[in-house]
Every structure is written in structure tokens, then in C-alpha cells.
Amino acid sequence: MEDVPEGKDFSFPNQEEAVLKFWSDIDAFENQLRRTENLPEYIFYDGPPFATGLPHYGHILAGTIKDIVTRYQTMRGHHVTRRFGWDCHGLPVEREIDKKLGVTKKDDVVSVIGIGKYNEECRSVVTRYVEEWEKIITRTGRWIDFKNDYKTMDLKFMESIWWVFSKLYEKGLVYKGFKVMPYSTGLKTPLSNFEAGENYKTVSDPEIMVTFPIVGDPDKAAFVAWTTTPWTLPSNLALCVNAGFTYVKVRNKHSGKIYVVAESRLSALPSESQKVNVANGSVDKAKVSNLKSKGSGGKKEKEEDPYEVLSKFSGATLVGTKYEPLFDYFQESSGTAFRVVADNYVTEDSGTGIVHCAPAYGEDDYRVCLENGIIVKGENLIVSVDDDGCFTSIVSDFSGRYVKDADKDIIDTIKAKGRLVKSGSFTHSYPYCYRSQTPLIYRAVPSWFVRVEVIKEQLLENNKQTYWVPDYVKEKRFHNWLENARDWAVSRSRFWGTPLPIWISEDAQEIVVMDSIDKLEKLSGAKVFDLHRHNIDNITIPSSRGPEFGPLRRVEDVFDCWFESGSMPYAYLHYPFENVELFEKNFPGHFVAEGLDQTRGWFYTLMVLATALFGKPAFRNLICNGLVLAEDGKKMSKSLKNYPSPLEVINDYGADALRLYLINSPVVRAETLRFKKEGVYCVVKDVFLPWYNAYRFLVQNAKRLEIEGSGPFCPMDQAALQKSSNVLDQWIYSATQSLVHFVRQEMDAYRLYTVVPYLLKFLDHLTNIYVRFNRKRLKGRTTEEDCLVALSMLYNVLLTSCKVMAPFTPFFTEVLYQNMRKVDRSAEESVHFCNFPQEEGKRDERIETSVARMKTIIELARNIRERHGKPLKTPLREMVVVHPDADFLDDIGGKLKEYLLEELNVRSLVTSKDILQYATLRAEPDFSGLGKRLGKAMGIVAKEVKAMSQDDILAFERNGEVTIGSHCLKEEDIKVVRVFKRPDGRTEKEIDAVGDGDVLVVLDLRADESLFEAGVAREIVNRVQKLRKKVGLEPTDLVEVYFDSPKEDVSAVKQVLDSQESYVREAVGSPLLPSSMMPPDVVILGDDSFRSTANFSVTIYLARPSLVFKPNAVDALFGGDKKAALGLLTYLRSRDITNLRSEFQQGKGKVVVNCMEGHPATTLVLGDHVFLTVGDYYLSEKSDS
């Protein structure tokens, strides 16, 4: 393996760029697809985005989820085709071209520009940002095929859409209807119900009350209706009441005018303080100052009732009553229109209890008028508003005016007619077009529909067969949407889209639906090369009834683009014209993932079409993500500049960090995420740097092993590692298998969000337990064999974790893998070509639990030390660990004991099962959980729980449950609190304890002179280690450590170091040498002077290793020739000590020197003629004395 830099010098973004180049050089993605092409298919549907804008965090989030799942499934042994898709048709594209060409009216396209030119303009902008998309998506690490992408405007894709529609038509699920639909005047097209629900805004609209004089009423009374859409009044054809309501005829005491309204809404009429300054009750809008709210339901200051009730009657008695219309635009309908009808949709929560009906501009209006014979089904309804939202010539007084702009003039006209009772403003939530941001109107339009209501039960049943994460989106949001599903208007009266494949005769008696290009060519005799309107609208089909009936022509409409994306599972494969076996063997698809908004969009259309066509759901598994918001909680906005660009974040911290940040957040559970760039940095700091440091520690010590003469590092195989007797080897091996088990389990359940927290915990244990507690072994300070076992285990753990995390962090794992694979000739070329790890060997849950508890003990003991100002360098006499689990106590008091004592600097460890010796127990009920469950019984049960005796509590802990009254309480229902019982005569400063509800730790804090020397030695070792870091030494760098002290402290310091020599040498890697042993030519790397806690003054020096010679022995090699001996010494001092050490190791302690001119080859013996360090010489002399 090659050397790696410190974490601070490791650039994650730069390394990712290098990995991208590596992937490109080896054709990694294509190579992976080739390697897996004979494996079982895993079908993934990629929802097509529009390419008319750049990708944002929502796209990156969904793309990351898709990439993780598909990478994982590939490593699990599947062939996963990943083709990028583009949504090319529809309103977003047309909107851009409308702006570019200055299109304001639909007729501009047909008569001025021409559909052909318009559509080709649309085609030209569809792929404008494709290169930018590919660059950004590739930079995020996502592997997806851009070269073999699919586009909804491709001929093959469009042909499959025709097939889908033809099958629906064959099944009787298609009809032409005349329905009132949400209509965008900005886009000049109707919208589906789910599109209409995307963008509600709180707006202020006019609200008015208008009179409709009753024909033939003896009192000249008038109905009063309320509306917030004055522009619909010119098209009024009926008034609607509720047959079950009580209505009143009232006389205004001031004006004398007589009105009919619902009794419950009488208070909505203007009060007596609202001056009537226009005939028949018109109100001066500017003087309505006492109205308490903007709605009609506001309270009024009422000194006396301004209205006299003349009579009461039921709504049913009003049905059929004729009234005088406001306008005379529809006089030809007077035979059936301008009368009262009844329906339950009239409510008492607003208005007057009388609703004006304009059947062309309201769903309920249309239904009620149809049911009551005001209009007739099948006949052409007169629609007085054109496609641009302007009045037609039918409404002559306002012809050509945009309806919303005409509201004020309509109100003025009504006022001039003396028919205005009240005017004001009304604040309410109103739907806006999610594309053009213009207010929607409801307008009757002819459209082609897919019958959804008739397959509703099947839709609900198919939904049950799917698996969603999170499941509540499926069970609630999506289920409710399906339950209220209505027939789907799939046609749009637009230009750039897949044309409906319907050819119809002029008398509408003959309809032919095309299911393929071949059918169209055969019936028409024309050659078809493109299916867009401008290339097929002119194609006609001869009538099967004969030439006298004229040709069949295509209807002008195109498909709603949601129909196109909902057809994607079939159309991207060009099914059924190609890939029949591939599709039919693997439908429904295995996986889809998109945002929460797609429950009413793509997820819905996928489900509807699959159910209608095949009686199946379109997909099996689904991940639904939430919305990524700016840090301030607002929607990300380019104009507000309230978020950093994705490339800025990636260039600063890397794509892997961004991926993990997004995945480890509520957004993967369909909740919102407030994006914080700092959060991405925290992923680098908390995940990648600890992970990298563990990897770097492995590389450094593997290199050290090579340097010290053992040859290239060659890790032991897993079978040998499983036999290791070291408890931490056993633990980390088991923990690694648990990691594999957990990630497999969670990924198989598509719970991506649980993996990162588990990984964080695993990395923390790897670095802060395995590496930290094994430093001596890993650094070779035990035996060479033991060192190799420890390094092999660390290598195995890091390699396995790389493979496990490869789907999540494809760049970082590749970087580590590429270096680690150099010691294994059989390794795959890329980590992404590897199989996902399987559990190997049995997991040891006992040792995993014991080590986890050991970590808890360490944290608790540190907490006690910090509370009492006892730093770790201060040794303590004794620690007691109290726990009821005998196996755990055996582990803590046995194989884990040395790690606890060393880490906590405690001299002895006592374990005990007798909790009552050290603590009293108290039981507390979980009020929040139990309260909901027990209700009124909670008080009695809580009292009993608190009264539990010590024995009762111990029995509860043993059994895991207790019955109080008739209620069985489990471990989660009762919290057992351990209160430390301090021994008599001992103060808190002398002994203290802390617990976590599971384990209790007791520390003896009394000073002990016998521990004095160990504390000083630990402090000096700590200073040496800090000095190594300060001067920038690597763990593999060899140095000598010297110390010096003033005369008055020398003997005391020497006494400490002599008594603690083995500990110091083990911790530092060499003995501490008195400064008097420094050679004259020593190279000092750094020094540190300090006063120890024992009040000694000490200076330590780090120096390059120096050779030490035995002059007499060297002279003897040359027969007393001192000049030759000096030459040998000069030569040896010029050599690199590391290389020299390797030569001595290879020569088993001997080196032959044959470069001395005039002298034969000379054999040097290590220890007889030369020592490689002063420390070696010092230890040799000491052992001889």
C-alpha cells in the first residue's frame, strides 16, 4: 500500500475528481453492466425530469436514493439497467417558447407562427441543459446511462403511448366528455385535479350580493345570491337552494326592499348602519366600516334588527320558481333556465343560502344544471369565455376582456342596474397555475377521459400490494387520494406533445384509434417518420362506409404529459414492439423513488395505467422523499439567493459528504429538511475524517512492518482471523459481521436513513475502542505475529466496511479500496465490482454487548473524574462495576479488564452483582406512555409502581415484567433509578458513583502515595506524544527521547522513570534517555519544558536516532588501523538507519561491508560492533550491569 497524507492534507473533492477519471478510464459503469448482464434483472423506473432547468437539491436527493439502491442491488447479484429519462413535452417547454416568440393567444400559434415552426422551436430547447445535467449528476457519483437515455419525444416512446391508449380504449375506459375543469388561462389549457391542487395562494377577491327579482311575486321580492366570481354572473342560468333549509322573506326597515335568503344566513345581509345610496339596496362599498371581517360571516354591531321577517318556508317550496336574469345574453335558454333548483352542496357556512349557477364555470353548477334539465347532456354547452380567458362576443358588453380584469366593470354594471345589495372583499385560499402563476378558473371544456372511478377498488387493492418507505404515505396520503380518485382528463388542447391517436369522421359516427405506426401507415397510405402534430395532423383515413362520408381526421388534442410519464414502464422499452420478454418477466418493476408531491403525480399515473392495463401495480417498492428547503425554512429561491449551489457544496466538501448528509436526514422519511451547508461539513468531520484516520493508521503501520524487515504487508485470511484469541479481535470481527447484517437488513427493507447512524456508531467503536486500545499491537510493541494479526484484522474490517458503504459513498470507498487492494492480487478492479459482503462466521452478541457496556463504563468513569477535577493522568486506586449480568461481569473482570484499567488509569477493578450493597432502587412509571394506555387507572398504578420494594424491583428486572392490578407492565413502562448508597464515614470527595440505568460505576477518589510515580510517568508519556505531533512526526518515524531536569529534581525524576521504565518504553516505543547520553552530533527535532503535577521541572527532547559504536571492537576489525576504522564509521553514519536496520534483519544481525578500499570484506555484528540507536546501547549496557 502507498503512503497517505494526514487528514488535514487529504482533499475529498480532489480525490473524487481523481476517482471520476479512474472510472472513466476503465469504463466502470459500462463494465459493471457487462459483468452482470447474465444475472437476474432488477427493474428500476427513473421518473423523467424536464431538461428545461438545472438540477436542484431535490433532484440530487432523489438521484442519490436511486443510486444507492441500484448500486446495492447490483452488488447483491442483479443486473440493473439504469437509463436516464427526459420529460420533453408539455407546458414547461411551451411556456418558454411562448415567451420567446411573444405568443399571447392560442390563435397566434395556429394562424401566425404555424404549428410546425412552433413545435420545432420546442424541440430545439428541450435538450438545452442536457450537458449540465450530465455534468452535475455524474459529479454526485450517480451511475446512470446518459448515452442510451430515453426521451418522451422519441418516436418509439410515443408509439408505445399510442398502444397504451388504444388498450384503454379497447377496454371501454376512454370516453369524450364535457366537464368543468381547472383551467389555466396563462397556459391556455385545462389542468388535472392533482395539478390544480399544487399551488394555492391566499388572495383577496371581490364578494358581492346580487338580487334576482322573483317573477310574479306579489311583494316584488328578490332572491339574494352571493358570489366571489362576479365574472361568472353574465353566464348565470339558475339559482340553487338547499331543500332542507328554512328560508325567510324579509323587508328592510329602512329601504323597504324585500329579500329572500336562508334564515341561518340572514345576518349576512347588510345592517341598518350601511347606508343605502343606490336603488333597490345597493351599498356604498367605501362606507362599509363596521364589518368585522372580510368574509360575509362577520359579526355586526346590532342595535336593532334592521329586517322584518314576513314569512318562512322550506327550500323545497322554492324549486321551480322563475326569476329575472341579470343579463340578457342567454335569452334563448329562458324556456328551461332562470329558475330555482335544489341540491345539498349549498351550505350554511357562507353566503346567503342561495347559490348562483353558471354551468360552464363550476363543477357543481354543471352537475346540478344537468340533473335539473337546465342544460342537456350531449348538446354543445355555450361557453362564453375563450381559451385565453377572455369573454367571447356572446357577452357583448365585455367582449375581449380578460375575465378577472372585468370583475370591477361587471360590478359597476350590476350596481347601475340597481341589483347590487352589498360589495366588499373576501380573503380566501385560491388555486393558481403552478407553472404560469396565474389564477385558475373553472371552465367547461371538451376532453378525452380515462375512466378511473370504475377501477377505484382495484386501485386500492393494488396499492396494498406495494411496499412504501415511509408506509404512512401509502396508508394515508396515497390511499386517500385513490379513494377520492375521479376520471382523468388526459387530453390537452395544445401543440407540443404526443398527439391523441384518434381519427374521427365529421359526423362523429366513425372512430379509429391507432395502436401503432404500422396501423396508421396501412390505413392512410402515408409514410410516418414522426408523430408530432405538424407531421400527422394532415394525414387522413378513408371512411370504411365509403367516400361519400368523407375522410376521418385526427382530433386536435395532445396527451397530458402525466399520461406520457405514467406510460414510462412500457414506453421506455418500446413495449410491446420490442423487449416483450424483458418486460413481461419483470413487471411490476422492483423500485421507484421520487418526492412526496408525486403521490398526486407520477406515482398516481403509474398506478392508474398499470391497474387499467394489467390489473397490477406498476411497482413493488417505493421510497418517497420530502422537500429540501432553504436554511430559513423557505422554498429555495434563485432570486432570494437563500441556498448554496450544489456544485459549491460539492467543491468544498465532496459529493459523498453531500450524499450522506441528505440520506441521514428526515427528508428520506418524507419530511422536510432545512438545508445547512454546515451540516455537510459536519459529515466530513464526524464520519469521513475518523474513517480516514483509521485507514491511515493501518497504512502507516503496515508500512512500518515493511520497513522493519518483515517484507511487504500480506494480510491473513478471514479463516485465520476468526481463530484469534484476542478479545478485541473477536469483538471487532463480530461487530463487522453485525454491520453487514444490519445494512443488508435495512437496505432490503429500503430504510436508507437507518444506515448512517449505525455506521457512525461503528466507526466510533473502530477508532475509539479497537484502534485506541490496540495501539501497542498495531505498532508492533507486542510480537511481530500479534502485530500482523491486529493489522490484518483492521485491514479486513476496513475492507469490509468499504464494500458495505460503497453504495452510499462511492468515491471515498473507491479511494480506500484502490490502495488496500494492492496487497491482494485477486481483488476486483473496483470496489463497485465486488459482491456485497455476507456474514462470515457466527456473531458473538455477548462480547459485542460487553464491549458496548465497557464503553459506557469508560464514559461514566470519565464523568466522575471530570466532576471531581481528577484528570486521567492521575491514577486512582479502585473502581467497582455493579451489574446483575454475571457473563458481563466475567468479561469485564477478565478479558476486558486490562483495557479498562489502562484507559481509566485505575489500579484495581472490583465487580459485583449485589446492587443493593452500592445503591438503593426506585421505580418510576412512564407517565407519557402509560397514561394513554391506562387512562383513569393511571393514578392507582403509578402509586403502586412508586411503592415497589427493593425486592419487587429486582424481581421486575429479572422477569422483564410485573403485574399491578390487572395491568401487565413491561420494561419500557417502568424506569428503575439507581441511587448511590455512599459507605458510612466516606464523603463525596472520597468516593462517588454514577449509573445509566443499566450499569453502576463507583470510583475511589482518595489520594494514594503509592500511585504517585505512575501518575508522573503517565504525564511524561503524554508530553512526549504531544511533542511528536507538534513536530509533525509520523507513527513510523523513529526518534530517540532524552530528558533533563535541574539538579534538585534529577534524582526524583530518575527514580520515577526507573520504577516505571517498562510502562514508559511500551508507551513511547523507546526508553527515556538521560540528556548526558546525547551524542555530540545529535539532531534535535523538538523540545518541551514543563513542570509536572508532582512539581518536578522536566525538559524532554526528540532527536534523530544516532549510531553508537564500540571503538575497540571496530578497531579490531582492521587490526588496529584507526584510519580504516574511522572510514567505516563515516560510511555507516552516512547510511539511512531504516535501511541499515533492514539489512541487519535480513542478515540475522550481521552486515558485510566490502566498500573499504584496500581492505577485505568486513562483517559487522549488531551489538558487538555497533548499535543502531542510543536506546539500544543504553538497554544493552543496563542488561549487562
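**Exercise 1. In what order do the strands of the open sheet with strands 20, 21 and 22 stand, and what is their pairing?**

Let us work through it on this predicted model.

- Step 1: the order across this open sheet of 3 strands is 21-20-22, and the pairing is antiparallel.
- Step 2: look at the edges. Strand 21 (511-513) and strand 22 (553-554) each have a single partner strand, so one side of each is left without a neighbour in the sheet.
- Step 3: check one pair of strands. Strand 20 (residues 502-504) joins strand 21 over 3 bridges, and W503 has V512 as its bridge partner in strand 21.
- Step 4: find the helix that packs on the sheet. Helix 8 (residues 155-170) touches strand 20 and strand 21, and its direction makes about 130° with that of strand 21.

**Exercise 2. Describe the open sheet that contains strand 7, and find the helix lying across it.**

- Step 1: this sheet has 3 strands in the order 13-7-14, with mixed pairing.
- Step 2: strand 13 (339-342) and strand 14 (355-357) stand at the edges with a single partner strand each, so each has one side without a neighbour in the sheet.
- Step 3: direction ignored, neighbouring strands here are turned by 35° against each other on average.
- Step 4: strand 7 (residues 238-241) pairs with strand 14 in the antiparallel sense over 3 bridges. Within that pairing, A238 has C357 as its bridge partner.
- Step 5: helix 10 (residues 363-371) lies across strand 7, strand 13 and strand 14, and runs at about 75° to strand 14.

**Exercise 3. Compare two strand pairings: strands 1 and 2, and strands 38 and 39.**

- Step 1: strand 1 (residues 83-86) and strand 2 run in the parallel sense, with 3 bridges. R83 is matched with D145 of strand 2.
- Step 2: strand 2 (residues 145-151) is mostly covered, since 5 of its 7 residues are buried.
- Step 3: strand 38 (residues 1084-1091) and strand 39 (residues 1097-1103) are antiparallel, with 7 bridges. Here I1084 stands opposite A1103.
- Step 4: strands 38 and 39 form a hairpin with 5 residues between them, and in the turn N1095 has a positive phi of about 70°.

**Exercise 4. Which residues have the most contacts inside the largest nonpolar core?**

- Step 1: the core has 137 residues, and those with the most contacts inside it are F675, W691, M820, M854 and M879.
- Step 2: helix 22 (residues 677-710) gives the most to this core, with 14 residues.
- Step 3: take W691 and set aside its neighbours within four places in sequence. Its contacts include L759, L798, M805 and F812.
- Step 4: a second, separate core has 70 residues, among them V164, V174, A485 and L520.

**Exercise 5. Is helix 27 enclosed by the rest of the structure or left open to the outside?**

- Step 1: helix 27 (residues 784-805) has 22 residues and reaches 31 Å from its first C-alpha to its last, close to the expected 32 Å.
- Step 2: 17 of these 22 residues are buried, so helix 27 is largely enclosed by the rest of the structure.

**Exercise 6. How does the radius of gyration of the protein chain stand against that of a compact globule?**

- Step 1: for 1185 residues, a compact globule would have a radius of gyration near 32 Å, but the protein chain has 42 Å.
- Step 2: the C-alpha trace spans about 140 × 85 × 55 Å along its principal axes.
- Step 3: the protein chain has 42 helices and 43 strands, and buried residues make up 55% of its residues.

Terms used. Residues numbered from 1 in each chain as written. Predicted model: local features only at pLDDT ≥ 70, side-chain atom pairs only at ≥ 80, totals over all residues. Heavy atoms only, no water. Helix = DSSP H or I, 4+ residues; strand = E, 2+ residues; numbered from the N terminus. Expected span 1.5 Å × (residues − 1). Buried < 20%, exposed > 50% of the residue type's maximum accessible area, 1.4 Å probe, protein only. Pairing = 2+ DSSP bridges. Axes fitted to C-alpha atoms, helices over the stretch in contact; angles between N-to-C directions. Contact = heavy atoms within 4.5 Å. Core = buried A, V, L, I, M, F, W, Y, C linked by side-chain atoms within 4.5 Å. Rg over C-alpha atoms; globule rule 2.2 N^0.38 Å.
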